[in-house]
Amino acid sequence: MSNFYLGDTQILYILVEGTKVPIACLTENSFTEQVDMIETTTADNKGWKTGRPLNQSYSISFSGLQVESNYAVPTQASLDILKIYKRRRQLVNWVIETETTFIEGGTGYIVGLTDSSAAEGLLTFSGQILGYGALAIPSLAVPDNYIFQDGNNYIFQDANNFIYN
């Protein structure tokens with residue numbers, strides 16, 4: 001029998017002024033990974049395309065409900081804080097995790113933000129983070145202290161705090 005997971009258990013967080021906060025009233029987040037391929041040809045490919053993977057990339061799309069954020073003492077990152085990071089062209093640190101489990105993390109740039117306000121509805125927003133560099137993938141052998149594949153770029157001390165070297 002398979003185990004199924006609810007979408008509301010995986011939350012996207014970003015680091016705002018040294019504090020890990022969730023995207024405000026997160027309604028959806030999706031993670032996309034891809035690799036650029038260079039076409040190759042061999043004598044024995046019998047007319048079929050072949051290729052080799054080159055650079056990898058990823059992006060995270062998210063949407064939420066606009067609330068008032070406090071940049072000085074953040075508890076969540078709403079549209080107002082996200083606009084600051086995008087307009088500054090500032091690299092953001094992000095992590096996707098459940099209440100108990102780190103899923104993935106890394107850095108990236110906010111490359112798009114959209115807000116929508118329907119009559120008699122709530123102000124909503126959506127955005128996209130384009131990944132910068134390698135993903136931080138935890139070592140499964142050390143569940144409480146994460147060691148990552150790309151060296152010493154990321155050190156997570158516990159489930160609540162993360163430090164970037």
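**A walk through the sheet, starting at Trp94**

Hi everyone, let's begin with one pair: W94 stands opposite G106 in β6. Keep in mind that this is a predicted model.

W94 belongs to β5, where V92, W94 and I96 point one way while N93, V95 and E97 point the other, and all of them are buried. So how many residues of β5 are buried? Six of its six, and the strand is mostly covered.

Now, who are the partners of β5? On the β6 side, the two strands pair in the antiparallel sense, over six bridges. They form a hairpin, with four residues between β5 and β6. With β1, the pairing of β5 is antiparallel too, over four bridges, and there you'll find I11 standing opposite E97.

Let's zoom out to the sheet as a whole. In what order do the strands run? Reading across, we have β2-β1-β5-β6-β7-β4-β3, seven strands in an open sheet with antiparallel pairing. At the edges sit β2 (19-22) and β3 (28-40), each pairing on one side only. From one strand to the next, the twist averages 35°.

Over towards β3, have a look at β4 and β7. Strand β4, residues 50-65, pairs with β7, residues 123-136, in the antiparallel sense over seven bridges. One position to click on there is L65, which stands opposite T124 in β7.

Last stop, the helix. Which strands does α1 lie across? Helix α1 (residues 79-88) lies across β1 (11-16), β4, β5 (92-97), β6 (102-117) and β7. Relative to β6, the helix runs at about 105°.

That's my tour, thanks for listening!

How values were computed:
Residues numbered from 1 in each chain as written. Predicted model: local features only at pLDDT ≥ 70, side-chain atom pairs only at ≥ 80, totals over all residues. Heavy atoms only, no water. Pairing = 2+ DSSP bridges. Axes fitted to C-alpha atoms, helices over the stretch in contact; angles between N-to-C directions. Contact = heavy atoms within 4.5 Å. Buried < 20%, exposed > 50% of the residue type's maximum accessible area, 1.4 Å probe, protein only.
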